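This report looks at ring contacts, burial and surface in one protein chain. Please view the sequence and model first.

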Amino acid sequence: MSPIKPWLFVLCVVGFSFSFPHNIHNHHGRVRVVHVSSTQASASRLDDFRFPRGKREITNQNDRVEEADIVVVGGGVSGLAAAITAAEALKADNAQLKVVLLEGSSDLGGRVQSEITKEGFVLDKGFAVFIDQYPEPQRLLDLDALKLKPFLPGALVKLPFRNELARVSDPLRRPEEAISALVTPIGSLMDKLNLLPLIFNVRTKSIEELFEESETDTASALSTKWRFSEDFISTFFKPFLEGIFLAPLSEQSSRMFSFVFKMFNEGSANLPQGGMVAVPQQLKKRAEKAGVDIRTNMFVTSVVAEDEGILVTTKFEGLEQNLSAGSVIVATDGPAAHKLLSSINGFQFLNDLPEQPQRSVGCLYYSFKGPAPVNEPILILNGMTSDFVVEPPLYLVNNICFPSEVNRGYAPDGFSLCSVSVLGKGMEDYEEKHLELDLAVREELASWFPGSRVDILEQWKLEKIFHIRNAQPSQYRGPYPANVHEGRAPNKFRDTDLPAGLFVCGDHMATATLNGAFESGICAGRMATRAIYALRKKR
């Protein structure tokens, strides 16, 4: 669930708790009554989706139609949440109804994925963290079973013209660091005092009240409403928040800032045992227990809204199969949903509308023998982005983390793992030039940790480079930004009613967070269940 996808970071300074994005993308997301992969739907198979309404005509090799009640298209977190919600509600009512989840790829989870190397390193697909204070994931997940290990509140920051990393501390959680919080070179005394009304605001207001505040861009809110200095904003808030939301401060929502600030002021960022993939793995087990029929490697080639229901055609190993369902939930990412739905009668207008912008991010993983240069479970930010830096090279690195210092399960005994996040522009500049990207990142890391320079340049092994292009939907300005608490209605798309029985969910329908993906999926699952009951009463 923010890329930092997107799956988020949270820093605490004088009570400001610092944490990381759900990706962080975060978002971004990845049960299915019938479910097709959001990744696959937006990729090569996207043009095969159709949602016309009309008379059923079967022209497939196999004209047998399998009956289902709910089909979820897309196997990400939001789709899994929708499938679980629907299946458990039906099971509680002893309704013998069929929920199918179709996933186009071999893995569930969408953007919430992890790879395990043969040596035992855990590589999350984009640096991401699990925020334990998010309310919606708690409805469906057993947090204890995830075996979460927390980051320290606060961060280390690389500043220009300084060899040592500066520390941003949270004295409310770590009173022993109160003195260092006051003397840190990051921010003036007035900046630190100005944190107090911000902290009071998010702690005394509910999530609903924060989303009712007047909205502006975060850059304006930080400078005008909260009166932080430009230096403090550029060396601290800029790398911190851009790592979470993968966009300039001027393109971030002040409401989203207040929301994540509250979440991480009251909770912490964590890494699960076995990586972020532990989240969809647990959801899969719960979905199967509820009776969801999960099918992977199933490509949806068409979805036809008919008078008597919705016909879903899939392709598996070259053979087409047909399912007829009373409800279908499209749980893909925003661009895929936009294109899929544009084929529905009455929705051709989508072809003339711009798609919801997407944020991208890159992540490089390095493994090495021995201890990490920083042996604390803490995020390290690039504060060398302020305007006063004179000879600015292309600073690629947004943040660094040593996941093996947070949760030892990320690396085998005796080894360490380093995660390096590079924002979208940097990845675009090095498109198809991975060797040059690797060398440039190593040089930056060597300047951050001069005592390990030789090892970084010569001994650290590049495990993998991930480039997550649709890591998170845009959450400020633009068409339908993902900044809606409790989400948009799943039975509408671009403010237009969908055909009866058709629903849409995903973080792009709510907020660009893991919480938003869960929230939208749960809501769609409930509505699809009600629609099935209503349809059966008519029959």
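## Aromatic contacts and surface

Tyr365 and Phe466 are both buried. Buried means under 20% relative accessible area, exposed over 50%, and partly exposed in between (1.4 Å probe, protein chains only). The model is predicted: local features need pLDDT of at least 70 and side-chain atom pairs 80 or more, while totals for chains, interfaces and linings use all residues. Residues are numbered from 1 along each chain as its sequence is written, and side-chain values use heavy atoms, with hydrogens and water left out.

Buried residues make up 61% of the chain's 539 residues. The secondary structure comes to 17 helices and 26 strands. These are DSSP runs numbered from the N terminus: helices are H or I with at least four residues, strands E with at least two. The accessible surface is about 20,400 Å², and 50% of that belongs to carbon and sulfur atoms. Areas come from the Shrake-Rupley method with a 1.4 Å probe; for residues, only the protein chains shown count as cover.

How many aromatic pairs are there? The count is 20. Rings of Phe, Tyr and Trp (its six-membered ring) pair if their centres lie within 6.5 Å; planes under 30 degrees apart are stacked, over 60 edge-to-face, and the rest tilted. Two of the pairs are tabulated here.

| Pair | Centre to centre | Angle between planes | Class |
|---|---|---|---|
| Phe228 and Phe237 | 5.1 Å | 40 degrees | tilted |
| Tyr365 and Phe466 | 6.1 Å | 85 degrees | edge-to-face |

Tyr365 lies in strand 19 (residues 358-369) and Phe466 in strand 23 (residues 461-473), so their pair ties together parts 101 residues apart in sequence. Phe228 is buried, at 4% relative accessible area. Phe237 is buried too, at 0%. Both belong to a cluster linked by ring pairs, with Phe232, Phe236, Phe240, Phe257 and Phe261.

Helix 15 covers residues 434-448. Its end C-alpha atoms are 21 Å apart, which agrees with the 21 Å expected for 15 residues at 1.5 Å a residue. The expected span is 1.5 Å times one less than the number of residues. Its buried residues include Leu437, Val441, Leu445 and Trp448, but also Asp438, Arg442 and Glu444.

On the surface, Leu189, Met190, Leu193 and Leu196 make a nonpolar patch of about 400 Å². Met190 is found in helix 6 (residues 189-204). Met190 counts as exposed because its relative accessibility is 51%.

Notes:
Patch = residues over 30% accessible without salt bridge, like charges linked within 9 Å, V, L, I, M, F, W, Y side chains within 5 Å. Salt bridge = Lys/Arg side-chain N within 4 Å of Asp/Glu carboxyl O.
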